[in-house]
Amino acid sequence: MRMAAQLVITAKTRVPNQPAIDRPRLDAVLARVVEHPLTLVVAPAGSGKSTALASYARRSAHTVVWYRTDAGDGSAEAFLAHLRHGIAAATGRELSEWSTADDALADLERDASADPLVVIVDDLHTVRDRPAEDALARLVEYLPEHVHLVVGTRSHPTFDLTRLRLEGRLLEIGADDLRFRTWESEQLLADLYGMDLGPEDVARLTRRVEGWAAGLQLYHLAVRTRPPREQRRLIDVASSRSSLARQYLTRNVLDGLRPELADFLLDTSVLGVVSGPMADELLGRADSAALLGELVELQLFVTPLDHELHRYHEVLRSLLESLLGEAIGPDALRERFAVASAILERSGHLGEALRCSARAERWDDVRRLVGMGDSDPLTQSYAWLDLLPPSIADDDAWLVLARARAELAAGRLHVALDRLRRAEALFGDAPGAEQARATRRRIEHLVDGSADDVPGWTGTWRRGLRSDPRSAITRLLHDGSPEALLGAAMLQLAIGEPGDAGNTFDRALRCDPVPTWVEVGGAIGRALVRR
């Protein structure tokens, strides 16, 4: 008995015409798909997977097939029918009917001498653990050499990829590859959204949303009707706490979780960095490591930092903290932060403990934790400083020193110098005075002093300005820190080598982490040499 023809929705096999900017860095990664039988693009919702793949499909010199699955394509028959239609439309070939994956393989094998054929299957997570995914797994196992599968998905497929990984035949593109760098955010905001934010504001916004494509778009949608001054003021709020951001994350992340997992995500959001033992202590349970592993597998904005420590995406964490406060009230939320601070301190995460103490309004603990830190900085972000009341922020030596370091990280050297001098005066002969003094002297050398006795990259850079810039460039490039690379790029620009300077600016901006002032300086320098 002949089976009825499977209905094909042709719109699923058309490359979407999504507006996008040129991203040469990402294009270079995607260009490698024809070197591998399978490419996985795995990242959370809103990371820009579909946009990046659609841009590749439109620009590629190879024949590209597009197929975007949805929940209605879970059967093998529906999946293969759409795939067949897409391949026939892209290649102009007459294909036989495909009842099984083996039928598809036989048809594709007949054209084995052809040029590369790139088959993009987007949103594979919508058919996860269903017969359609089994059909894809069969195709992957016996794919003809000229066919290259590219899969976009929010979570890894359930079939085994071990052999492909071991043989180097699998290309994996993740959230970090898709993440917008500062200069890409600047181009997106200016060229696509028509916004005019300064480099420092773009850097702050990019850090706030951690380069998340949807975060940049949600910010634009939230502030597009406001004047530029309001757009700048609302960067921290509109990028993560607007009603649009809340609706997006609730619908695309939280609503799809089983209740136990959603509650775990909500309750542990106060920690900032979380491990199984830390979550167990906070919540009084014993299975947190397994729940964290499930969140990582689902690619729900959870980044593993090592074999047991994880971090939630800042935009998601901001929403979760807001939802938690609504659920338990402000007093209970402050107490939750106080408990989290104690756990984080015992675990050695002083920066996050400091943030939690500030959120708990435990000002004595804030002072104590700042004084315990002998590294610069205690935490990658100084946002916690904005939580401090002026009564302690301006009269405590350690907190004034922390503010000075925040100004230094932002590139405001003269403001940092003023705060360092005040910190020295407040310290007197107490511990901490030498830290403030050493930092002040280093900045004074950079701003006003002779380069001859300045250590580190700053001295090399200043000597390069005065004489023998090429030797200084070589040493700075060898140093490799983002600050040294920025110095090398400026010297290359000064001696009339804009091409080399552009490449070095890019190297500086690709470092992780990058100080704010390096991000701003690198973005400005890159714009100068590219335009």
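Contact here means heavy atoms within 4.5 Å. Helices (H or I, at least four residues) and strands (E, at least two) are DSSP runs, numbered from the N terminus.

1. **Basis.** This is a predicted model, in which local features need pLDDT of at least 70, side-chain atom pairs count only at pLDDT 80 or more, and totals for chains, interfaces and linings use all residues. Residues are numbered from 1 along each chain as its sequence is written, and side-chain values use heavy atoms, with hydrogens and water left out.

2. **H220.** This histidine sits in helix α10 (residues 213-223). H220 counts as buried because its relative accessibility is 11%. The cut-offs are these: buried is under 20% relative accessible area, exposed is over 50%, and partly exposed is in between (1.4 Å probe, protein chains only). Setting aside residues up to four places away in sequence, H220 touches Y193 and M195.

3. **Overall form.** The chain has 29 helices and 8 strands. Its radius of gyration is 26 Å, which agrees with the value near 24 Å for a compact globule of 531 residues. That radius is taken over C-alpha atoms, and the globule rule is 2.2 Å times the number of residues to the power 0.38. The C-alpha trace spans about 95 × 60 × 50 Å along its principal axes.

4. **Burial and surface.** Of the 531 residues, 51% count as buried. The chain exposes about 24,400 Å², and carbon and sulfur atoms supply 49% of that area. Accessible areas come from the Shrake-Rupley method with a 1.4 Å probe; for residues, only the protein chains shown count as cover.

5. **Contact range.** Take the contacts between residues at least 6 apart in sequence. Of these, 65% join residues at least 24 apart.

6. **A203.** A203 is found in helix α9 (residues 199-209). Its relative accessibility is 0%, so A203 counts as buried. Beyond its neighbours within four places in sequence, A203 is in contact with T182, E519 and V520. One of these pairs spans a long stretch of chain: A203 and E519 are 316 residues apart in sequence, with C-alpha atoms 6.4 Å apart in space.

7. **R403.** R403 lies in helix α22 (residues 397-409). It is an arginine that counts as buried, because its relative accessibility is 19%. R403 touches L385, A393 and R419, not counting residues up to four places away in sequence. From R403 to T303 the separation is 100 residues in sequence and 29 Å in space, C-alpha to C-alpha.

8. **N17.** N17 lies in the segment before α1 (24-30). At 70% relative accessibility, N17 counts as exposed. N17 and R208 are 191 residues apart in sequence, and their C-alpha atoms are 28 Å apart in space.

9. **Helix α19.** This helix covers residues 350-359, and 8 of its 10 residues are buried, so α19 is largely enclosed by the rest of the structure. The buried set is G351, E352, A353, L354, R355, C356, S357 and A358. These residues pack against β6 (273-274), α17 (314-328), α18 (330-346) and α20 (363-372).

10. **Positive phi values.** Most residues other than glycine have a negative phi. E361 has a positive phi, near 60°, and is not a glycine. E361 lies in the loop between α19 and α20. E361 is partly exposed, with a relative accessible area of 45%. D129, also not a glycine, has a positive phi of about 65°. D129 lies in the loop between β3 (117-122) and α5. D129 is exposed, at 59% relative accessible area.

11. **The α4 and α5 pair.** The axes of α4 (residues 101-109) and α5 (residues 131-141) come within 9 Å and cross at roughly 35°. Axes are lines fitted to C-alpha atoms, for helices over the stretch in contact, and angles run from 0 to 180 degrees between N-to-C directions. The crossing is right-handed; that is, the near helix is turned clockwise from the far one by less than a right angle. A101, D102, A104 and L105 in α4 meet A135, R138 and L139 in α5. The residues of this contact divide into 5 nonpolar, no polar and 2 charged. Here Ala, Val, Leu, Ile, Met, Phe, Trp, Tyr, Cys and Pro count as nonpolar, Asp, Glu, Lys and Arg as charged, and the others, Gly among them, as polar.
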